[in-house]
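Reader: I've got a fold open on my screen and I'd like to learn how to read it. Can you walk me through it, feature by feature?

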Amino acid sequence: MRALFVCSRNRLRSPTAEQVFSSWPDVETDSAGLASDAEMPLETDQIEWADVLFVMERRHKVKLIKTFGRYLKGKRIVCLDIPDKYDYMDPELIALLQRKAGRFMNQ
């Protein structure tokens, strides 16, 4: 499975998710941000590569569809509802990610 994690600036939540799930068997990961000042701005080739896209908030899903809608045909988009209040690799964030996204891995 190829999992793409998306948040706003690709500095805290999505890079944490990329790191956490990169060691899972049969899972490949990547991450990107939707903001113009993102560390790694989302690109269409990442969307095409991914089997499933995980967004951290509903507003990310809205922006993703608005900006990249034509590239999302047949793609599964999962909203994790994780607010922007965690540091990179925060243990609480890791636990949330494992609980909310982990159940979709290897499906």
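Author: Sure. Keep in mind that this is a predicted model. Let's begin with R13, which is buried, with a relative accessible area of 2%.

Reader: Which acidic residues does R13 meet in salt bridges?

Author: To call a salt bridge, look for a side-chain nitrogen of Lys or Arg within 4 Å of a carboxyl oxygen of Asp or Glu. R13 meets E57 that way, N to O at 2.7 Å. That contact ties helix 1, where R13 sits, to the loop between strand 3 and helix 3, where E57 sits, 44 residues apart. E57 is buried, as is R13. R13 also meets D84, at 3.9 Å. D84 lies in the loop between strand 4 and helix 4, 71 residues from R13. At 47% relative accessibility, D84 is partly exposed. Through shared partners, R13, E57, R59 and D84 form one network.

Reader: How many salt bridges are there by this rule?

Author: The count is 5. Another one to look up is E39 with R11, at 2.8 Å. E39 is in the loop between strand 2 and helix 2, and R11 is in the loop between strand 1 and helix 1, 28 residues apart. E39 counts as exposed because its relative accessibility is 54%, and R11, at 31%, counts as partly exposed.

Reader: What about D90: what does its side chain reach?

Author: With a buried charge, check for an opposite charge, then for backbone partners. D90 is in the loop between strand 4 and helix 4. D90 is buried but has no salt bridge, and the nearest side chain of opposite charge, K85, is 9.1 Å away. The D90 side chain does reach the backbone nitrogen of E92, at 2.7 Å.

Reader: Now the strands. Which ones pair with strand 3?

Author: For a strand, ask who its neighbours are and which way its side chains point. Strand 1 pairs with strand 3 in the parallel sense over 4 bridges, with F5 opposite F54. Strand 4 also runs parallel to strand 3, joined by 4 bridges, and there L53 has I77 as its bridge partner. V52 and F54 point one way from strand 3, L53 and V55 the other, and all four are buried. Strand 3, helix 3 and strand 4 make a right-handed β-α-β unit.

Reader: And which residues have the most contacts inside the largest nonpolar core?

Author: F5, F21 and F54, in a core of 21 residues. Strand 1, helix 1, strand 3 and helix 4 each give two or more residues to this core. The largest share, 4 residues, comes from helix 4.

Terms used
Residues are numbered from 1 along each chain as its sequence is written. This is a predicted model: local features need pLDDT of at least 70, side-chain atom pairs count only at pLDDT 80 or more; totals for chains, interfaces and linings use all residues. Side-chain values use heavy atoms; hydrogens and water are left out. Buried means under 20% relative accessible area, exposed over 50%, partly exposed in between (1.4 Å probe, protein chains only). Two strands pair if DSSP finds at least two bridges between them. A crossover is right-handed if, with the strands pointing away from the viewer, the path from the first strand over the helix to the second runs clockwise. Lys and Arg count as positive and Asp and Glu as negative; His and the chain ends are not counted. A polar contact is a pair of N or O atoms within 3.5 Å; within protein, one must be able to donate a hydrogen and the other to accept it, and residues adjacent in sequence count only if both atoms are side-chain atoms. A nonpolar core is a set of buried Ala, Val, Leu, Ile, Met, Phe, Trp, Tyr and Cys residues joined through side-chain atoms within 4.5 Å.
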